[in-house]
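User: Hi! I've got a new model open and would like to talk it through with you. Could you help me find my way around?

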Amino acid sequence: MNLYEPLLLSAQLAFVTMVILILAGTPLAWWLSQTSSRWKPAAQAVVAMPIVLPPTVLGFYLLILLGPDGSIGKWWVQLTGSTLTFSFTGLVIASCIYSLPFAVQPIQNAFEALPRQTLERAWTLGASRLDAFFSVVVPLSVRGFVSGMVLAFAHTLGEFGVVLMVGGNIPGETRVASIAIYDHVESLNYAAAHRMSLLLLGFAFVVLFGMYVFNRRWSTR
Amino acid sequence: MRPANFFLFFALVAGPVLAEDPVSVAVASNFSRTFGELAERFSADTGIAVRTITGSTGKLYAQIVNGAPFDVFLAADAERPRLLEVSGRAAAGSRFTYATGRLVLWSRDAENCVDALRTSHRVALANPLIAPYGRAAREFLESAGHWEDIAGRVAYAENVMQVVQFVASGNAGVGFVAASMLNGPHMPAGACTWPVPPQSHSPLEQQAVLLAAAAEDKRVVRLFEFLQSDAAIDIIVRNGYGDMR
């Protein structure tokens with residue numbers, strides 16, 4: 001088995017998931033940080049649920065929902081002619097759910113830490129809401145965005161249980177690094193398992209270390 | 001029986017037997033239901049309590065290598081027991097084939113399982129790298145000349161249980177499962193089953209070993225003898241394994 005293919009696939013999956021989560025998670029995080037709706041606690045609970053739920057629960061429901069008999073899967077089959085389970089697209093959907101809180105929560109925390117007056121000052125200076133968001137809110141929330149991106153990426157790399165349940169272990173499509181390592185261990189190929197595990201171990205340390213270094217520099221500026 | 005009564009009964013009848021540690025048996029998942037029947041029979045006959053630990057052969061093997069306190073290992077293959085014997089973790093000469101698995105093609109919806117191999121969007125088999133039934137399935141597909149056609153449509157499951165999951169949930173049209181699973185209590189109804197010719201793949205020998213630390217334990221030796229008795233083989237064959245007598 002190719003050593004790098006699963007690692008590359010994991011990186012692709014993590015990257016696509018991260019991009020989608022930042023794009024979709026930012027408006028969600030903004031709404032959560034600003035709203036006083038009585039639905040806020042419920043929305044927060046839904047966002048945080050993947051942290052608490054075992055991957056088996058997500059995997060089990062996704063297998064049913066994304067399958068050709070499931071409500072999402074059926075629609076997808078009609079639209080594209082292929083099924084979502086055992087496909088890269090299916091893994092992206094699964095990962096977006098699985099890593100959602102890791103992207104949304106740091107961004108939301110950053111938004112909530114913004115002084116209210118800063119925003120109001122921008123508005124009174126005539127900036128549109130969107131303009132104020134991009135020229136004031138985003139630059140002041142860089143730490144949150146960096147944390148959200150790094151954690152969404154890294155957490156998707158670490159995904160295992162959900163992929164095991166809906167991936168189908170297809171080389172180049174759904175056999176990501178964590179699954180390949182599991183196969184190597186199960187088939188007693190400890191040398192290959194070590195090589196990949198060490199790479200992931202090193203990588204995980206480097207990205208998290210980088211994130212904390214960045215956050216410290218940023219906060220002491 | 002009310003719980004309180006049950007405990008009283010348990011304390012009076014089973015108490016003396018349980019006073020010593022039960023015999024610990026690590027059982028490959030595909031055999032766990034069959035072994036449940038065997039253990040019940042064995043305990044009823046001898047008064048020796050048996051504790052069952054189920055899991056995949058690979059995981060149980062790793063646990064044994066790392067010192068898990070099992071007395072007997074019923075694997076789904078011949079390889080892990082052989083490795084345990086070679087490394088001295090299993091009692092030398094204790095290894096034997098307790099069951100021979102039978103591979104079955106199974107579908108939830110298709111009328112004809114063999115046709116479904118050609119037409120299904122996905123064909124599920126256990127990962128040949130780690131699961132004996134997956135390796136056998138692949139060998140059959142190769143020997144029948146289907147592999148080239150099917151390779152791009154395969155979804156690999158972790159084991160035969162997950163093959164059933166993939167097929168039962170409609171995610172795969174057809175899959176290779178173990179015959180021993182077909183009559184299981186939670187097995188969904190299938191539209192077709194087709195026994196794969198056993199000569200088309202290497203035999204699914206499931207071997208047992210006595211682990212070295214338990215080799216002197218008379219109770220464990222009795223269990224081992226029981227597993228090779230006619231009474232036990234009858235139960236094993238009734239559960240869908242091949243009859244080697």
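User: Let's start with chain B. Which domains is it divided into?

Analyst: Happy to help! Keep in mind that this is a predicted model. Chain B is split into domain 1, covering 3-100 + 204-238, and domain 2, covering 103-195.

User: And what separates their centres, in Å?

Analyst: Taken over C-alpha atoms, the centres of domain 1 of chain B and domain 2 of chain B are 29 Å apart. The contact involves 9 residues of domain 1 and 12 residues of domain 2.

User: What classes of residue are on the domain 1 side of that contact?

Analyst: The side of domain 1 of chain B that touches domain 2 has 2 nonpolar, 5 polar and 2 charged residues.

User: OK, on to the strands. Is β1(B) mostly covered or mostly exposed?

Analyst: Strand β1 (residues 23-28) of chain B is mostly covered, with 5 of its 6 residues buried.

User: Which way does it run against β2(B), parallel or antiparallel?

Analyst: Parallel: β1(B) and strand β2 (residues 50-55) of chain B are joined by 6 bridges. One place to look is B:Val25, whose bridge partner in β2(B) is B:Thr52.

User: How does the chain cross from β1(B) to β2(B)?

Analyst: It goes through helix α2 (residues 32-46) of chain B, and this β-α-β crossover is right-handed. β1(B) also pairs in the parallel sense with strand β3 (residues 72-74) of chain B, over 3 bridges. There, B:Ala26 has B:Phe73 in β3(B) as its bridge partner.

User: Nice. I also see an open sheet with 5 strands. What's the order?

Analyst: The order is β7-β6-β8-β5-β9 in chain B, and the pairing is mixed. At the edges are β7 (154-157) and β9 (192-195) of chain B, each of which pairs on one side only. Neighbouring strands of this sheet are turned by 30° against each other on average, direction ignored.

User: What does "mixed" refer to there? What are the options for pairing?

Analyst: Strands of a sheet pair through backbone hydrogen bonds, and the pairing is either parallel or antiparallel. An antiparallel example here is strand β5 (residues 103-107) of chain B with β9(B), over 4 bridges. In that pair, B:Trp106 has B:Thr193 in β9(B) as its bridge partner.

User: Which strands does helix α6 of chain B lie across?

Analyst: Helix α6 (residues 132-143) of chain B lies across β5, β6 (123-126) and β8 (174-178) of chain B, and runs at about 130° to β6(B). Helix α8 (residues 160-168) of chain B packs on the sheet too, touching β5, β6, β7 and β8 of chain B. The direction of α8(B) makes about 150° with that of β8(B).

User: Switching to chain A. How many helices and strands are there?

Analyst: Chain A has 11 helices and 0 strands. Its C-alpha atoms fill a box of roughly 65 × 40 × 30 Å, taken along the principal axes.

User: How much of chain A is buried?

Analyst: Of the 221 residues in chain A, 36% are buried. As for its contacts between residues at least 6 apart in sequence, 73% join residues at least 24 apart.

User: Last one: how many residues does each chain give to the contact between A and B?

Analyst: Chain B gives 12 residues and chain A gives 15 residues. By class, the chain B side that touches chain A has 4 nonpolar, 6 polar and 2 charged residues.

Methods:
Residues are numbered from 1 along each chain as its sequence is written. Chains are lettered from A and ligands numbered from 1 in the order in which they are written. This is a predicted model: local features need pLDDT of at least 70, side-chain atom pairs count only at pLDDT 80 or more; totals for chains, interfaces and linings use all residues. Two strands pair if DSSP finds at least two bridges between them. Helices (H or I, at least four residues) and strands (E, at least two) are DSSP runs, numbered from the N terminus. Axes are lines fitted to C-alpha atoms, for helices over the stretch in contact, and angles run from 0 to 180 degrees between N-to-C directions. Two residues are in contact if their C-beta atoms, placed from the backbone, lie within 7 Å. A residue is buried if 20 or more other C-beta atoms lie within 10 Å of its own, exposed if 12 or fewer, and partly exposed in between; C-beta atoms are placed from the backbone. Ala, Val, Leu, Ile, Met, Phe, Trp, Tyr, Cys and Pro count as nonpolar, Asp, Glu, Lys and Arg as charged, and the others, Gly among them, as polar. A crossover is right-handed if, with the strands pointing away from the viewer, the path from the first strand over the helix to the second runs clockwise. Domain bounds come from an automatic or database domain assignment.
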